[in-house]
Amino acid sequence: MNRREHVKKLNEKDTFDLLVIGGGATGGGIAVDAASRGLSVLLVEKNDFAEGTSSRSTKLVHGGVRYLEKAVKHLDKEQYSFVKEGLYERGVILKNAPHLTNKIQFVTPLYKWYELPYIFAGLKLYDILSGKMRLGKSRLLFRKETLEKLPTLNDQNLKGGVLYFDGQFNDARMAVMLVKTAVNQGAVAVNYMEVTDLIKENNMVVGAHLKDNITGDTYTVNAKAVVNATGAYADSIRKMDDENVEPVLKVSSGIHIILDKKFTPTDYGMMIPQTEDGRVIFVLPWEGHALVGTTDDPSVVRDHPEVTNNEIEYVLKQIARYFKTPPTKDDILSAWSGIRPLVKDPDATSTEEILRNHYIEVSKSKLVTITGGKWTSYRHMAEDVVDRVIKEFSFNAKPCITSDLKIAGGENFNPEGNKLLQKKYNIDHDIALHLHKSYGSLAEEVINSCEKEKAFVRLETGHPYVESEVYYCVRNEMVVHVVDFLIRRIPLGLVDIKAAKHASSKVLEIMAEELGWDKSRVDEELKLISDRFDKAI
């Protein structure tokens, strides 16, 4: 997956069947679905793949516990169906991307006796809705067992807990691997390629003007169909089509903070079912650290939103009563904010109440827009929109196959592969596990991408990320900037900002040599590194 080659391909192709705008979860999923059905596909993204919302989730593959509670309380069939769909898709993702996902057990600690049957009943229903995709059986926990699983938990007045199962994943790597899967199916994909305007003939959208945000070059691309899958930016593309169109989005922001592993010393996560304002917060082990989130506040669309002190204080306040020794601001290693694209509901009184289901629109000029939804349902969303495109444009295409299509790196995946890597290359356990879980069956390609003496050199002490990954990702995963690698190809920037900034000098050295950067380009990178790690990821 070489960027120069793909830029050349987009310039040489006369007409694509489908131009997909947006390189996050939704756009990547659409590219996979359409290409695997035999359509010619071009995917473009104005920034890096998954630079926006798709790399800023709670890292859960789930049906949505809080939506189920609303469905039951309000007898809401739409919410109920949304949860059931999510639980099915959870199973599909875990099956098709075994290298990037894992099952995780959550404990909900309860401090009032009457809460035990209520929460247990809800989570048993969660199990039932999972059907054959169920990951395990929810069960009640006595006080002692609750504390064994969550040893840092505040035990004062603790009555017990409820254990349940969900899925977890590396969202940024999943997005990159989706693009890689689409390319394997024949798609052309380019990051840092921005749509500056739509092309129309006879009042119908037939392509787009593009600008390469790296070189400044411009291109004209013809396409039989154009899909707007830009998430929080969907309305801006809709306005390119019709400047008078009414917005369909009401966005919200959600922050996450990263703490030391000592706050989640076991493999169990904690689900706080109701904060003081009725939200759900998770504390879960992720990438050797503790991830806490999320908030849900009205926001505005912007790149790299900063995390505010108020948001951090809110999260710390909500989790404080659940820890023997509550975390403080000094314990935070990293924090980030993501913008959620929520479809407007005129009856909703807050963003927390808006349904997260997806929305498909075909304009008078045949621009197809899909927005809303959530990461877990990306595959189903893609299937829906490609079905709609095939119908609207009378394409001759094969049926959808993505429910059984392995994501790149998931082919011939061996669950014990990390042990084989450790033995074959005599490497540390954490490095072997990281390579295995991040690249799957492609792990040895990563290892062999540079000289053996460099392959397993750590980029930062105490973290499992190694130099061979830089070489591999530059050559095979369209890494353009140092921060692309440190935040989205590996998660170092998400789990430990100071460590990422320290490692950036080595990554910059390798990339400068690999890509032939002059002093001017190196200076640009240094400024971008400072901007991201000193201001907002």
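Where is Met478 found? Let's start there, and then walk through the rest. Met478 sits in the loop between H15 and helix H16, which covers 482-489. One thing to keep in mind as we go: what you see above is a predicted model.

So, why pick Met478? Most residues other than glycine have a negative phi, and most peptide bonds are trans. Met478 is not a glycine, yet its phi is positive, about 55°. Met478 also counts as buried, because its relative accessibility is 2% and the cut-off for buried is under 20%.

Now look at Asn426. This residue has a positive phi too, about 55°, and again we're not dealing with a glycine. Asn426 is in the loop between H11 and H12. Is Asn426 buried or exposed? Asn426 is exposed, with a relative accessible area of 72%.

While we're on backbone geometry, find Gly293 and Thr294. The peptide bond that joins them is cis, with omega at about 15°. Thr294 belongs to the loop between strand S14 (289-293) and strand S15 (297-298).

On to the aromatic rings. How many aromatic pairs does a search of the whole structure find? The search turns up 10. Take Trp375 and Tyr378: their pair is edge-to-face, with 5.7 Å from centre to centre and 75° between the planes. Trp375 is buried at a relative accessible area of 10%, and Tyr378 is buried as well, at 7%.

Then there's Tyr425 with Phe456. The ring centres are 5.7 Å apart and the planes meet at 55°, so this pair is tilted. Tyr425 is in helix H11 (residues 417-425), while Phe456 is in the loop between helix H14 (452-455) and helix H15 (467-476), so the pair ties together parts that are 31 residues apart in sequence. Phe456 is partly exposed, at 21% relative accessible area.

If you want a group of rings, try Phe106, Tyr126, Tyr164 and Phe282, which form one aromatic cluster.

Rings also turn up with lysines here. The charged end of Lys13 sits over the ring of Phe16, 6.0 Å from the ring's centre. Lys46 lies over the face of Tyr233, and there the distance to the ring centre is 3.9 Å.

Next, the empty space. Rolling a probe the size of a water molecule over the atoms shows where empty space is left. In this model, the count comes to three cavities of 30 Å³ or more. The largest has a volume of about 80 Å³. Of the 15 residues that line the largest cavity, Leu150, Thr152, Phe263, Thr264 and Met270 are the closest to its centre. Strand S12 (residues 268-272) gives the most to that lining, with three residues. By class, the lining of the largest cavity has 10 nonpolar residues, four polar and one charged.

The second largest cavity comes in at about 70 Å³. Tyr378, which we met with Trp375, is one of the residues in its lining, and so are Asp33 and Arg379. Helix H2 (25-36) and helix H10 (378-393) each supply at least two residues of that lining. The split for the second largest cavity is six nonpolar, three polar and two charged.

And then the second largest pocket, with a volume of about 1,000 Å³. Which residues lie nearest the centre of the second largest pocket? They are Asn102, Glu287, Gly288, Leu433 and Lys437, out of 35 that line the pocket. H12 gives the largest share of the lining, seven residues. Other elements that each supply at least two residues include strand S4 (101-110), strand S6 (160-169) and H11. The pocket lining has 12 nonpolar, 15 polar and eight charged residues.

Two last stops, both in loops. Ser55 is in the loop between strand S2 (41-44) and strand S3 (60-61). Ser55 is buried, at 2% relative accessible area, and its side chain reaches the backbone oxygen of Ala50 at 2.7 Å.

Finally, Ala232 is in the loop between strand S10 (218-228) and helix H8 (234-241), and at 11% relative accessibility Ala232 counts as buried. From Ala232 to Ala175 is 57 residues in sequence and 16 Å in space, C-alpha to C-alpha.

That's the tour, thanks for listening.

Note on methods:
Residues are numbered from 1 along each chain as its sequence is written. Side-chain values use heavy atoms; hydrogens and water are left out. On a 1 Å grid over the protein atoms alone, a cavity is a set of points where a 1.4 Å probe fits but cannot get out, and a pocket is an open set with protein on both sides within 12 Å along at least five of seven lines; lining residues have an atom within 4 Å of a point. Grid points are joined across faces, edges and corners, and a volume is the space filled by probe spheres set on the points. Helices (H or I, at least four residues) and strands (E, at least two) are DSSP runs, numbered from the N terminus. Ala, Val, Leu, Ile, Met, Phe, Trp, Tyr, Cys and Pro count as nonpolar, Asp, Glu, Lys and Arg as charged, and the others, Gly among them, as polar. Rings of Phe, Tyr and Trp (its six-membered ring) pair if their centres lie within 6.5 Å; planes under 30 degrees apart count as stacked, over 60 as edge-to-face and the rest as tilted. Buried means under 20% relative accessible area, exposed over 50%, partly exposed in between (1.4 Å probe, protein chains only). A charge sits over a ring if NZ of Lys or CZ of Arg is within 6 Å of the ring centre and within 35 degrees of the ring normal. A polar contact is a pair of N or O atoms within 3.5 Å; within protein, one must be able to donate a hydrogen and the other to accept it, and residues adjacent in sequence count only if both atoms are side-chain atoms.
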